[in-house]
Amino acid sequence: MLNFFQLILIYAGIYALMAIGQNCITGYTGMLSLCHAGFFCIGSYATAIICKTFGLSFWLSLPVAAVATGLVGLIIGIPTLRLKGDYLCIATLGLGEIIRNVATNFNPVGYNSIPRASLFGYQFASRNKLAFIFLIWAFVLIFYILFQQLAHSRLGRAMIAVREDEVAAQSNGINVTKYKISSFVLGAAMGGIAGCLQTAYTLTVQPGSFTFMVSVMVLCTVVLGGMGNGKAVILGAFIIQFISYLPQLTGLTNVIPAQAKQIIYGLLLVVMMLWRPQGILGRDKYRYGDPRTRMEKLSDFFRRDKKGSRAKGGAV
Amino acid sequence: MRKAIALLLVAFICIAGAAAGGSGESGSGDTYKIGFIGPLTGDNANYGIRCSNAAKLAISEINAAGGIDGKQLELIAEDSEGTVDKALAAYEKLAYMDEVCAIIGPVFTSPALAVAQRCQEDGIVMISPSATHKDVTAQPATNPDGLNYVFRTVPSDALQSDVAGHYFYEVLGYRKLASLYAMNDYSQGLALGMKETFESLGGEVVAEETCMVGDKDFRTQLTQIKAAAPEAIYIPNYTVEDAQILEQAAQLGINVRFLSSDGFSDPEIYNLAPDFTDGVIYVGPAQAEASTILSDFQAAYAEMYNGDAPDSFATNSYDATYIIAGALDRAGSADTTAIRNEVAATKDFQGANGTMNFAPNGDLVASQGVYEVDGTTPVYIGSFQIVDNHIVQVD
Amino acid sequence: MSTLTLYMQYIVNGLTLGAIYSLIALGYTMVYGILKFINFAHGDILMVGAFIGLLVYTALTGDASPSAWTLTAFFISMLVSMVACAILGMLIERVAYKPLRNANRLAPLLSAIGVSFILSNGAAWIFGTQSRRFPYPFENEPMHIGSISITPHQIVVIAVSVIMMVLLTFFVNKTRMGKAMRATSLDQPTSQLMGINVNRVISLTFAIGSALAAVGGILAAFDFRVYPSMGTMTGLKAFVAAVIGGIGNIQGAMIGGVLLGILEAVGAPLLHIPNGMKDTVAFAVLIIVLLVKPDGILGKNEREKI
């Protein structure tokens with residue numbers, strides 16, 4: 001029971017990392033991308049190849065996965081980001097499918113028996129989930145803070161300006177292409193990091209698991225939590241994973257058939273969306289021109305919950 | 001808003017608490033729990049559902065006959081959706097929440113590889129009915145005792161493709177074959193293995209076409225194969241793909257013989273492509289001589305599941321359940337090490353798929369059967385083994 | 001077999017596949033044209049349509065061998081399935097999408113995925129997961145033109161798709177309701193002010209789109225078989241076809257579907273790469289098409305934001 005709950009926390013953490021990336025692309029910059037399965041795949045493969053084929057450390061594979069995925073994001077971003085709305089969505093979806101298709105044709109079995117990660121002599125064994133929870137949620141926390149800072153930096157404000165009105169942003173001297181691509185690359189790199197951590201836990205990489213449904217679920221995580229709201233997407237990741245494993249967690253799967261489990265999941269998705277169309281927490285309020293210094297912000301961040309982060313729903 | 005979140009959290013905690021209460025009484029001593037992991041929903045659910053059905057059938061038979069030492073068996077089937085992360089979640093639940101004494105599955109190779117690692121680590125017996133890849137039984141035993149906990153009741157694809165290559169070359173006398181296989185571990189493993197054997201004997205694979213699992217249109221590949229004019233076409237795929245390939249080949253006017261693998265032993269093929277199966281030769285599980293176990297199983301399965309017919313993987317799953325039950329009986333307790341020792345000590349088990357033994361690494365040691373389809377009825381030709389690089393008929 | 005006839009054969013095969021994609025793409029494109037949202041459950045409606053068609057057809061004919069009656073029964077079952085799916089489509093719209101009409105543009109996406117989960121797993125629960133064959137209602141002996149083979153079912157698939165598309169084009173362009181539909185897709189509030197019952201138009205759009213999906217499902221059933229997850233990948237491909245053609249544009253969806261079907265059949269052999277990579281070729285070409293024509297082949301340039 002507790003053990004299984006820990007597993008949900010691990011998976012939720014991995015999805016939270018992906019959702020942070022997706023949020024950067026869709027929530028901040030307003031680009032509809034359905035490519036996170038592809039980035040997730042590249043990150044997983046990078047770790048698998050570095051740890052298994054080259055026998056190098058997991059910690060080395062982490063930046064490599066991020067950089068490799070970021071690079072792929074850059075290469076596919078430069079041409080495709082000229083597209084708008086659903087055309088961008090379908091182009092990125094196509095790229096995700098291409099990545100999976102190429103990976104499957106490259107080797108349909110994928111990789112297995114990938115060496116474990118270790119830190120100061122401590123081996124991260126999959127059965128010790130507590131260690132993974134600390135590892136993964138530490139990353140979630142770090143990237144949450146980083147992206148929160150980013151959102152309130154010049155870069156982040158530029159991204160939001162691009163989302164709100166591209167023409168207005170452009171006429172204010174914002175290089176739209178540059179910010180779109182930066183946002184896409186950052187988001188992609190997050191997918192890579194999530195893939196890397198997932199591989200560290202499963203120790204097996206299978207091309208078949210990176211279907212477009214993964215991309216869709218990541219997008220759903222962001223929509224469910226609240227677009228452009230860092231805290232919300234992490235909550236969304238937790239909720240999506242929690243409800244998808246709820247029947248197993250409660251032992252309900254011993255009684256009901258597997259299809260019923262999926263139907264419950266589908267029903268919960270519909271009900272939650274009807275209940276909170278703007279996302280559980282809704283969009284984050286913008287704070288233009290924050291006068292605080294970086295240190296003040298950081299200290300405020302840990303004390304803020306009282307008044308600062310009150311969410312405004314439905315601000316589209 | 002804040003209230004809503006709070007409410008949500010409270011609801012979660014309540015559910016979780018209720019569940020904790022509910023699952024608290026599990027692990028009590030009057031049942032032996034056996035886990036099953038396989039795809040029960042999603043694109044490949046059919047294979048998982050058949051395997052879990054067969055295991056359920058075996059368990060209900062054992063229970064009807066009085067169970068094991070008066071204790072009943074219980075099968076807990078968890079869905080893997082055919083992916084690694086879901087399979088690991090299923091494992092987590094079975095191993096830690098239900099505390100099962102053995103696991104049947106996973107059905108597909110990649111989840112099987114992931115779960116095999118955990119089973120080796122935690123010391124829980126795992127018997128896969130259908131993961132054919134060679135690496136499944138090559139996982140290092142990482143448990144403190146260094147014992148192997150991973151077994152399978154399906155032959156490794158190396159064994160089957162070896163028999164296939166020899167049979168096609170030596171017995172059927174083919175020299176030019178074509179193959180059309182799906183890019184998954186099962187089909188690719190068989191096709192490449194067969195090619196290696198066949199070409200080492202002096203034959204030639206003149207066209208090698210691939211597809212993806214779930215593809216529906218094979219006409220492009222078949223048109224290319226037709227242009228290469230092979231003597232026969234090897235299609236080691238799952239039933240649905242094979243059915244489509246046979247039908248579309250006929251539509252394209254291809255009339256050479258088709259050769260296949262144990263995926264073809266699924267009787268569903270005769271519902272999907274009844275007009276096109278005549279003359280297909282396939283390598284499948286060997287049958288026990290003068291034994292009615294297989295036909296009894298098929299009849300019981302059809303009766304229990306509204307006329308649905310089991311495929312060879314379901315048959316393997318049925319055998320796996322009986323092997324575990326036998327081991328439980330001999331071990332006399334739910335101690336996983338004792339069960340593992342008894343499974344490993346299984347000797348000449350008479351199952352629906354003939355006589356079965358395990359190699360030290362957990363691989364199945366068995367002959368391979370060859371069948372030829374007459375209309376819509378497979379006719380058993382005999383079982384074969386490879387001795388000194390030559391095919392030998394065993395019975 | 002000469003290279004030319006080889007490619008002629010690929011194109012015939014691709015056309016069949018493309019015709020099915022086109023039919024399904026029409027449903028996506030019509031819904032998108034009016035509501036600007038991707039109906040992810042569309043592929044599952046297709047599956048429901050195929051199941052209903054199969055059930056009605058088997059109930060009517062049993063195991064009868066092809067005759068005039070089986071052909072009639074085939075069209076009856078298609079009709080029944082169209083009606084049933086139209087009702088299902090309207091129902092889904094009413095329950096899962098209508099409350100979200102004024103919400104965030106991506107919100108209905110999530111409830112659409114929920115509906116898709118419910119439909120495909122519900123079907124798996126009721127009908128089981130095994131594939132079923134849709135019996136041919138006519139003799140399906142392949143015909144040979146030169147060394148190209150074509151089967152009657154391929155002709156039927158293409159013919160029915162063309163008829164459906166002609167009917168739809170006529171409906172949208174020539175009838176009062178079609179005009180209302182076009183007006184709604186252009187500007188919803190204004191059409192409402194002009195006295196158009198927008199709710200009814202949207203319901204009708206879902207009904208027509210779902211009915212077309214049912215036809216697509218039944219036609220696809222010959223080649224694809226009928227099984228609960230048959231709509232997932234087919235639906236995705238059809239959606240891609242709709243976007244390529246210029247989403248919201250009916251002719252575009254037809255062109256996109258045919259293009260995608262032919263690409264899948266011809267792409268890999270043309271480039272001499274393994275056929276397992278045919279999706280890669282198809283998607284890569286589609287992306288290139290989009291880069292050249294960023295609004296799809298027949299799409300109009302429109303700005304939007306999320």
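Me: Which helix of chain A does A46(A) lie in?
Reply: Good place to start, and keep in mind that this is a predicted model. The helix asked about spans residues 36-53 of chain A. So the home of A46(A) is helix α2.

Me: Is A46(A) buried or exposed?
Reply: Let's count neighbours. A residue is called buried if 20 or more other C-beta atoms lie within 10 Å of its own. A46(A) has 25 other C-beta atoms within 10 Å, so A46(A) is buried.

Me: Which residues is A46(A) in contact with, leaving aside its neighbours within four places in sequence?
Reply: Two residues are in contact if their C-beta atoms lie within 7 Å. With the sequence neighbours set aside, the partners of A46(A) are S61(A), V64(A), A65(A), A68(A), G192(A) and C196(A).

Me: How far apart in space are A46(A) and T199(A), C-alpha to C-alpha?
Reply: Along the sequence, 153 residues separate A46(A) and T199(A). In space, going from C-alpha to C-alpha, the distance is 9.6 Å.

Me: What pattern of helices and strands does chain A follow?
Reply: Chain A has 12 helices and two strands. Of its 316 residues, 61% are buried. Reading along the sequence, the pattern is α-α-α-α-β-β-α-α-α-α-α-α-α-α.

Me: Which elements of chain A give two or more residues to the side that touches chain B?
Reply: The contact takes 34 residues from chain A and 38 residues from chain B. On the chain A side, these residues divide into 13 nonpolar, 19 polar and two charged. The elements giving two or more residues to that side are α1 (2-28), α4 (85-106), α10 (230-249) and α11 (258-275) of chain A.

Me: Which element gives the most to the side of chain C that touches chain A?
Reply: Here the contact takes 40 residues from chain C and 41 residues from chain A. The chain C side divides into 28 nonpolar, eight polar and four charged residues. Elements giving two or more residues to it are α4 (107-127), α9 (230-246) and α11 (278-292) of chain C. With 13 residues, the one that gives the most is α4(C).

Me: At roughly what angle do the axes of helix α1 and helix α5 of chain C cross?
Reply: Helix α1 covers residues 3-35 and helix α5 covers residues 152-174 of chain C, and their axes come within 9 Å. The crossing of α1(C) and α5(C) is left-handed. The residues of this contact divide into 11 nonpolar, four polar and no charged. As for the angle, the axes cross at roughly 35°.

Me: Why are the buried residues of α6(C) said to be on the same side of the helix?
Reply: In helix α6 (residues 176-186) of chain C, the buried residues are M181(C), T184(C) and S185(C). What covers them includes α1, α5, α7 (188-193) and α8 (198-224) of chain C. The face turned away from this buried side carries the exposed residues R176(C) and L186(C). M181(C), T184(C) and S185(C) are on the same side of α6(C) because they cover an arc of only 95° around the axis.

Me: Which residues touch the most other members of the largest nonpolar core?
Reply: That core has 291 residues. One of the residues asked about touches I34(B), A102(B), V125(B), I127(B) and V343(B), not counting residues up to four places away in sequence, and that is I324(B). The full answer is L17(A), I193(A) and I324(B).

Conventions:
Residues are numbered from 1 along each chain as its sequence is written. Chains are lettered from A and ligands numbered from 1 in the order in which they are written. This is a predicted model: local features need pLDDT of at least 70, side-chain atom pairs count only at pLDDT 80 or more; totals for chains, interfaces and linings use all residues. Axes are lines fitted to C-alpha atoms, for helices over the stretch in contact, and angles run from 0 to 180 degrees between N-to-C directions. Helices (H or I, at least four residues) and strands (E, at least two) are DSSP runs, numbered from the N terminus. A crossing is left-handed if the near helix is turned anticlockwise from the far one by less than a right angle, and right-handed if clockwise. Ala, Val, Leu, Ile, Met, Phe, Trp, Tyr, Cys and Pro count as nonpolar, Asp, Glu, Lys and Arg as charged, and the others, Gly among them, as polar. A residue is buried if 20 or more other C-beta atoms lie within 10 Å of its own, exposed if 12 or fewer, and partly exposed in between; C-beta atoms are placed from the backbone. The arc is that of the directions from the helix axis to the C-beta atoms. A nonpolar core is a set of buried Ala, Val, Leu, Ile, Met, Phe, Trp, Tyr and Cys residues joined through C-beta atoms within 7 Å.
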